Each structure stands twice: as structure tokens, then as C-alpha cells.
Amino acid sequence: MNKKFLIFVVTGIVFLEIIMSAVPYGTWGETHSAKVEEKRSYNMKCNRSLGEDLNYGSGNIRVLSSNEINITGITQGNHTCEKIYLKLYLEQKDNGSYYTYRNWDLSRENADNITRSMNIIVPKGYYYRVRGYHAVEDGGLESLSSLTNGVWVG
């Protein structure tokens, strides 16, 4: 491959990551379309730090009916860790901003992963999304967060 082309591609990727990191907290994952309503959104974040313990974390939201959703979260370690954490926040959009509608704080000791999936009845007529906090503790703490796009329940 041509060196100049490779440098151009790498520079473009770095530039996009810088721009994406500047997106305000409340608008992460905002890609609502007036014509197409998403019925499912999935977000997986891999550990980009120099740590050795946390592999990835992910969140998922899926519309099951006009007032029921399924949310799923996972935190995956690279090996068995002292403690592994999964915090899930179901957020509802109201008046242009997302607010925590419900949340769950889960952990396991001496494990390499933790998962949770649940069906939830919610009021219709709103966008919902899932924010996740994923962490492992094994001598030190490594963490990352995930965020799905909003899905319309109505």
C-alpha cells in the first residue's frame, strides 16, 4: 500500500476520533430519523486503555411491543478478576433531553464476566436508550462506558 495513502487514512481516523470525543454528553448516540424509527440499538466498547483486565462492555435495547422493551448489558474481563461491575441506566427522552428512568447496579466477585437481560414495561410515546458503565477490579480499577442510540416506543 502507498505510504502517503496510509498516512492519509490514519490521519483521517485520528481526526474523526477527536471530533467524536467533542460531542456533548447529552447527545451521544443521537441519530433519530423522522422517517425510520429504530427498533433496536446496540453499542459495544472495547478497552482502549493500556490495562490488562477489562476486555469490553456493551449495552443493547430492543423494542418488543408498543410498551415493552428488552435491555441487555455485559461486562467482559480478560480473565477472572477480584470484582466485575455492570451498571445499566435506562434513559427516557423528555423535552429534548435524556433522564435516568431506571437503573441497576450489579457486581460479581471472582468472575470474568457479568451479564443482565430484562424485559421492562415502559410508557409509550418516548425515546429510550441504555447507558452502561463497565468495570473490573483486579489490583486496580479499569472502566469504560457504553451508550446506545435512542429507540422509539409507541
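Helices and strands here are DSSP runs, numbered from the N terminus, with at least four residues for a helix and at least two for a strand. Keep that in mind as you colour the chain. This is a predicted model.

**Stop 1: the whole chain**

Show the chain as a cartoon. Read along the sequence, the pattern is α-β-β-β-β-β-β-β. That gives one helix and seven strands. Now switch on the surface. The chain exposes about 9300 Å², and carbon and sulfur atoms supply 53% of that area. Of the 154 residues, 34% count as buried. Turn to contacts next. Among those in the chain with a separation of 6 or more, 63% come from residues 24 or more positions apart.

**Stop 2: Glu91 and Arg129**

Select residues 68–94, which form strand β3. Then add residues 126–137, strand β5. Show the side chains of Glu91 and Arg129. They meet in a salt bridge, at 2.6 Å from N to O. Glu91 lies in β3 and Arg129 in β5, so this pair ties together parts that are 38 residues apart in sequence.

Are these two residues buried or exposed? Buried means under 20% relative accessible area. Glu91 has 5% relative accessibility, so Glu91 counts as buried. Arg129 has a relative accessible area of 2%, so Arg129 is buried too.

**Stop 3: add Arg131**

Keep Glu91 on screen and select Arg131. Their side chains also meet in a salt bridge, at 3.0 Å from N to O. Arg131 lies in strand β5 and Glu91 in strand β3, so the pair ties together parts that are 40 residues apart in sequence. Arg131 is buried, as is Glu91.

Now display the three side chains together. Which residues make up the network of salt bridges? Glu91, Arg129 and Arg131 are linked in it. The count of salt bridges comes to two.

**Stop 4: Met118**

Hide the network and move to strand β4, residues 97–121. Select Met118, which lies in this strand. Its relative accessible area is 10%, so Met118 is buried.

What is Met118 in contact with, leaving aside its neighbours within four places in sequence? Select Ile69, Asn70, Ile71, Leu88 and Trp104. Each of these five names is on the contact list of Met118.

Finish with a distance. Pick the C-alpha atoms of Met118 and Gly73. They are separated by 9.4 Å, while the two residues sit 45 residues apart along the chain.

Note on methods:
Residues are numbered from 1 along each chain as its sequence is written. This is a predicted model: local features need pLDDT of at least 70, side-chain atom pairs count only at pLDDT 80 or more; totals for chains, interfaces and linings use all residues. Side-chain values use heavy atoms; hydrogens and water are left out. A salt bridge is a side-chain nitrogen of Lys or Arg within 4 Å of a carboxyl oxygen of Asp or Glu. Buried means under 20% relative accessible area, exposed over 50%, partly exposed in between (1.4 Å probe, protein chains only). Contact means heavy atoms within 4.5 Å. Accessible areas come from the Shrake-Rupley method with a 1.4 Å probe; for residues, only the protein chains shown count as cover.
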